[in-house]
Amino acid sequence: MSFLRPYRGLGAAPGFVLGLLLLAGPVLAHGTDDHGRQKLPLGDGRISETPKAGYLMSCQTRFSPNAPGASAYGDWLQGDTWIPALKPVVPGQVEWPDWRLSVTVEGDRRVVRANNLPKHASGDFPIPRSSEAFRYDRNPNSIRRQDVLLTLPAVPQVAGMPTCVPMGMVGFALTGVAIYNAVDARGEDAPAHEIQDACNAHPQQQGQYHYHNYSPCLTDTAGPAGGHSNLVGYALDGFGFYGLHGEDGRKLSSADLDACHGHSHPVLWDGQMRAIYHYHFTEDYPYSIGCFRGSVDPALLRRGPPGMGAGGRDGMGRPGMGPREGMGPREGMEPREGMGPRDGMGRAGFQGPGGPGGRGEEILSRAAAGLGISADTLRRAIGPPPPDLAAAARQLGISEDSLRAAMHRAMAGN
Ligand SMILES: [Zn+2]
Ligand SMILES: [Zn+2]
């Protein structure tokens, strides 16, 4: 499978970029690392404009590498894989006794009402400056109540054609938490790059608390007990989200599911066994949904502030603030709220699209940031085109694999 996606808007120095592409070559994913820790393929670049298994069919196909998000790469990112157990977790145990959620069937509609506060404890947000998590992700947002009102078909039907998945909310969990798609505002694998709390959740700029992947705080008792997982939420097309386990309790991966990340078979639906399409969470990318199998009421995609879906009250009246993750033209184009001047850590310093230097320069800067060195140092090591990665790695005193992996990550963050 190809890890790199085609480039749009290739800037200056295309020869340089192409040289890097050729030299970087494929990197294969493995199931576990040397210590038996789960190793997952990195989803960066796995965005498709058509339904494609293992990909996210994203409505937004252009992303800014300067969009808000994690500020640095950590050692849990290894080549084109990542190791969840090595990623820092946002500390804290904040309880939300005022959380509210109701799901009612009213005629042929299912109505979800919630305030988007979680049923479970959350981490401390904004991410505490003293935490290890802060070294990699300075998410400055607090969790804030949202008025969520979703009117979904009670018995959804498979549509003629799958449709793309927006940024922002794509579904809602029975724990009172929004479900977002697999990517962050940069179009990169959000669970791999962004630092979340122990429930795999965090707030975006309007304070909407959300998951990008399976949360251990979702209540699935049936799956781990050897049966098909419980229902854990609803997608905006009305189909259910179930946990990690399929029939006979077998843990599923994206390869077991269709391009939209679901399948059809009898499941418990409104109290009875019913053969119906449904999505599953999996541990691997795209984690929750690849595309919508049913039709989505356009009003759910249009209404509310970016990233909030229906009924949002917060953020719409704050033009120019720039969503941390959301849909529409403003998406990700502005620095994250409250983020101070970048201090040379992590990804600081690279040029955005249209900025001086173009695509090649941007990749170089990002790769340098990932390696914790300056872009100048990396440029000198690589030398004039065509780039010589082996020589560059020797000069930098790192392995060629590490350099290649850094280049991969830099290129994938298109
Ligand atoms: Zn997020
Ligand atoms: Zn199933």
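So, histidine 265: setting aside the neighbours within four places in sequence, this residue is in contact with Glu247 and Ala275. Keep in mind, everybody, that we are looking at a predicted model. Take Glu247 for a moment. Histidine 265 and glutamate 247 sit 18 residues apart along the chain, and their C-alpha atoms are separated by 8.7 Å.

Is histidine 265 buried or exposed? Well, a residue needs 20 or more other C-beta atoms within 10 Å to be called buried, and 12 or fewer to be called exposed. Histidine 265 has 13 of them, so this residue counts as partly exposed.

Now let's see where that histidine lives. Histidine 265 is part of strand S16, and strand S16 covers residues 262-269. That strand belongs to an open sheet of 8 strands with mixed pairing. If you want to trace the sheet on the screen, follow the order S12-S13-S11-S10-S14-S15-S17-S16. Which strands form the edges? They are S12, residues 201-203, and our histidine's strand, S16, and each of them pairs on one side only. Ignoring direction, neighbouring strands in this sheet are turned by 45 degrees against each other on average.

Let's stay in the sheet and look at one pairing. Strand S15, residues 240-242, runs parallel to strand S17, residues 272-280, and 3 bridges join the two. One residue pair to find there is tyrosine 242, whose bridge partner in S17 is histidine 280.

Next, please scroll back along the chain to a hairpin. Strand S6, residues 101-106, and strand S7, residues 109-114, pair in the antiparallel sense over 6 bridges. Within that ladder, threonine 104 stands opposite valine 111 of S7. What lies between the two strands? There are 2 residues between them, and glycine 107 in the turn has a positive phi of about 65 degrees. As for cover, S6 has hardly any: among its 6 residues, the count of buried ones is 0.

Before you take this back to the bench, a word on confidence. The mean pLDDT of the protein is 79, and 72% of its residues reach 70 or more. Where does the confidence drop? Over residues 1-29 pLDDT stays under 50, although the model has 59 contacts beyond four places in sequence for that stretch. Residues 303-358 also stay under 50, with 144 such contacts in the model. Where pLDDT is low, the predicted coordinates should not be read in detail. Thanks, everyone, and I'm happy to go back to any of these views.

Definitions and conventions:
Residues are numbered from 1 along each chain as its sequence is written. Chains are lettered from A and ligands numbered from 1 in the order in which they are written. This is a predicted model: local features need pLDDT of at least 70, side-chain atom pairs count only at pLDDT 80 or more; totals for chains, interfaces and linings use all residues. Two strands pair if DSSP finds at least two bridges between them. Helices (H or I, at least four residues) and strands (E, at least two) are DSSP runs, numbered from the N terminus. Axes are lines fitted to C-alpha atoms, for helices over the stretch in contact, and angles run from 0 to 180 degrees between N-to-C directions. Two residues are in contact if their C-beta atoms, placed from the backbone, lie within 7 Å. pLDDT is the predictor's confidence in each residue, from 0 to 100.
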